[in-house]
Structure formats: structure tokens, C-alpha cells
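Work through the exercises below with the model open beside you, and try each task before reading its solution.

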Amino acid sequence: MLWYGHLPNRQELSTLETRFSREHVLPNQVIGFLKGESKVADPLSALQTSVSILGGLGSRNEPSLIDSSIGLTARMPTIVATYHRLRKGQEPVTPRPGLGHAANYLYMLNAKPGRPEHVHALDSYFTLLADHSLNASTFVARIAASTLTDVHSAVVAAISALKGPLHGGAPIYVWEMLQSIGKSENAESWLRDRLQKHDRIMGFGHRVYRTEDPRSRILKELARQIVDPSLFELATTVEDTARKLLREQHPERPIDVNVEFYSSVVLHAVGIPPELFTCTFACARTVGWTAHIVEQLQDNRLFRPDAEYVGPEGLTLEATPPGTSA
Ligand SMILES: CC(C)(COP(=O)(O)OP(=O)(O)OC[C@H]1O[C@@H](n2cnc3c(N)ncnc32)[C@H](O)[C@@H]1OP(=O)(O)O)[C@@H](O)C(=O)NCCC(=O)NCCS
């Protein structure tokens, strides 16, 4: 729907599913790169460079924009899973035809099919995070696309923006926070201490929402269904306590839970290791990034914001730099 602007009919859906199973497979050049890098690069950097390599290989054939978008979206989870297995000294697992996108990701990570409730949760996560208007990474993708660069290069730019902890880098910090708090009774003192130090509570706040992020409601419900009850109880206590303390600190400004808070809990429950949380976000968001690129190029004009100079004026070049003698 995001790529074509309408929901597919059965025939279109089946064609797309066939394309996905065909395109999931990685070219040898990317596997070779991942083998070489598996001991050094962080997972998101490895993913980003793999996207760049795919772009370099694909540009020779010049497929259509939507074809490139489908191919890239299909391959993102294969890159992440291949890299992860190589890092652990395991053989990569080839995608299994007939499995859906989320199911294949879990299959390739673990070399066995995921439990149905885990596949459902990850599928829902992929759908919820597929697009979210002009968030920082999507905006970056559109800016890059507006120069008429290729889809892969625009996605490489988007991944750079996603990486930061204020955007897609947040869920690993949410997970570390939950680990560090450990038990519900520690939540209030831990959070108060962080707020007194003017630290940000990860998984809270949003540039646009002035209320709970509606995606977090669905993720919380998914978490309730699949997460270990003691972890769910800890997460809800941290959520309630952080909301209360943030209200005390910022009575003028509602700061509520965002999509990243329960994402981290759900991703952990389906078996995604924390170091792959942001990569998994990138897999989901590739649909949105590429759909925005397609839309941008339908009626493109180069982004070029104006800037107002507010610095000193009337400067003159000194004959001799200050502090030196002639
Ligand atoms: C998302 C985020 C970057 C939005 O930033 P923003 O729009 O500039 O934030 P606001 O305008 O709401 O900030 C207002 C005040 O609340 C504070 N605040 C905002 N989010 C906060 C958080 N999560 N924890 C503690 N304080 C927070 C700010 O520091 C600011 O305080 P100040 O006026 O004393 O400087 C910010 O909320 C944040 O850093 N959240 C944590 C990271 C995160 O979860 N990112 C994923 C986003 S989906």
C-alpha cells in the first residue's frame, strides 16, 4: 500500500510475496563483505555498508524505483541475520521460500521457525514501524532523494539518522535501563536519580506527540501477551513511575511513553538480541523510507532551506595574526 498507494488485490499480493521470497537472497559480494567485517563493525554500520554495496551492484541494471525498493526491503533482514550469525561463528541460514517477511527474519536468525505468537508480534512490529511521516530519518531520505541520487544511497543516509539515540538508537538504552533497574521497587529511586542528573529517560518524549504514542499502546498489548510476567510488571512500573516523575519535573509539558519503550520489550521477547534492535527498526522502516523516496520523486524539487546569517559583520583581515610579531 505504501509503495503503490492502494491495498493490493490477491493477485498483486501474491506477486509481491513471490518477489519477496526471490529477493531475500544476498549476492556473494555482500556475504563476502559481512564475513570480513563480522569481528569489527557494529551491526548497524555493517547493515549500512551492505546497503551501499547492494546499491553499487544494482545500479548497473537500473531497475525501477519500486523494484529497487522491494528488493532492498526484502534483503534487509537477510543482511542483519547473516551478519549476526557470522559474528557468532555460525553458518548463515538461507531464507526459506513460503515464509512471510517477519517469519523469515526469525528463521534466519535462529535456524528454526519462530513460534507463531512471536511471528505475529514481530509482524505487528514491522507494520507499526513501517512509516511515521517526516521523522528525522525519513526526512533525510527525502532530502537525499531530492538530489536524484539512487534509492540505496538515500537509505544509507536515512540509516545514519536512525542510528542516533534520540531516534532509532533509543531501544537498546531502554533495554539497558530496564536491566539496570532490575526490580520494580528500584524504579522510583533509579529514575529520580537520572532526572536529578538531567539525563533523558529513554523511551519517553516525542518531538510531535503531546500524549502517549499510539503505537506504544499496541506494542504494550503485544508485550502483555508474550513477555515473561515479571518483566512485563517491571516495564509497566517503570512506565508509570517515569510518567509521574516527568509530570512533576515538567508540569507544563506532557512527556509520555514513545514507540521505543515497548519495542525493546517486544523485540527481546521474540528473541532479537539488543544489539540488533536498531537494525530491526531499519528493516521495518525501509518500507516507509523507500515509499517516501518514490513519492518525493513523483514531484521532485531539490530541498534547499534558506539560512539567515546572524554572526558578526564588518570583519577585516588582520595584517598579522593576533599573538604573532611582524
Ligand atoms: C524525543 C525527544 C528527542 C524529543 O525532544 P524535544 O522535542 O526537544 O523534547 P521537549 O521539547 O519535549 O523537551 C521539553 C523538556 O522536557 C525534557 N525531556 C524531553 N524528553 C525527556 C525525556 N525522555 N527524559 C527526560 N527529560 C525529557 C527536555 O530535556 C526538556 O527539558 P528542558 O526544557 O529543561 O531542557 C526527547 O523527548 C528525548 O530525548 N527522548 C528520549 C529519547 C527517545 O526515547 N527517543 C525516541 C523518540 S521516538
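**Exercise 1.** Determine which atoms of isoleucine 201, glycine 203 and arginine 207 approach the ligand, and how much of the ligand the protein covers.

*Solution.* Start with isoleucine 201, where a backbone N or O atom lies 2.8 Å from a nitrogen atom of the ligand; a polar contact is a pair of N or O atoms within 3.5 Å. Next, a backbone N or O atom of glycine 203 lies 2.8 Å from an oxygen atom of the ligand, whereas arginine 207 uses a polar side-chain atom, 3.3 Å from an oxygen atom of the ligand. Finally, of the 870 Å² of accessible area that the ligand has on its own, the protein covers 73% (Shrake-Rupley method, 1.4 Å probe).

This is a predicted model, in which local features need pLDDT of at least 70 and side-chain atom pairs count only at pLDDT 80 or more, while totals for chains, interfaces and linings use all residues. Residues are numbered from 1 along each chain as its sequence is written, and side-chain values use heavy atoms, with hydrogens and water left out.

**Exercise 2.** Describe the shell of residues around the ligand.

*Solution.* The ligand is surrounded by 20 residues, the closest being Arg200, Ile201, Gly203, Phe204 and Arg253 (a residue is near if one of its heavy atoms lies within 4 Å). Sorted by character, the shell holds 9 nonpolar, 6 polar and 5 charged residues, with Gly counted as polar and Asp, Glu, Lys and Arg as charged.

**Exercise 3.** Describe the helices of the chain and the packing of two pairs, α7 with α8 and α10 with α12.

*Solution.* The protein chain has 14 helices and 0 strands (DSSP runs, with at least four residues for a helix and at least two for a strand). Helix α7 (residues 136-145) packs against helix α8 (residues 151-162) at about 150°, their axes 8 Å apart, and α7 and α8 are therefore roughly antiparallel (angles over 145 degrees, on a scale from 0 to 180). For helix α10 (residues 187-196) and helix α12 (residues 229-249), the axes come within 10 Å and cross at roughly 40°, which makes α10 oblique to α12 (neither under 35, nor 65 to 115, nor over 145 degrees).

Terms used. Polar contact = N/O pair within 3.5 Å; in protein donor to acceptor, adjacent residues only side chain to side chain.
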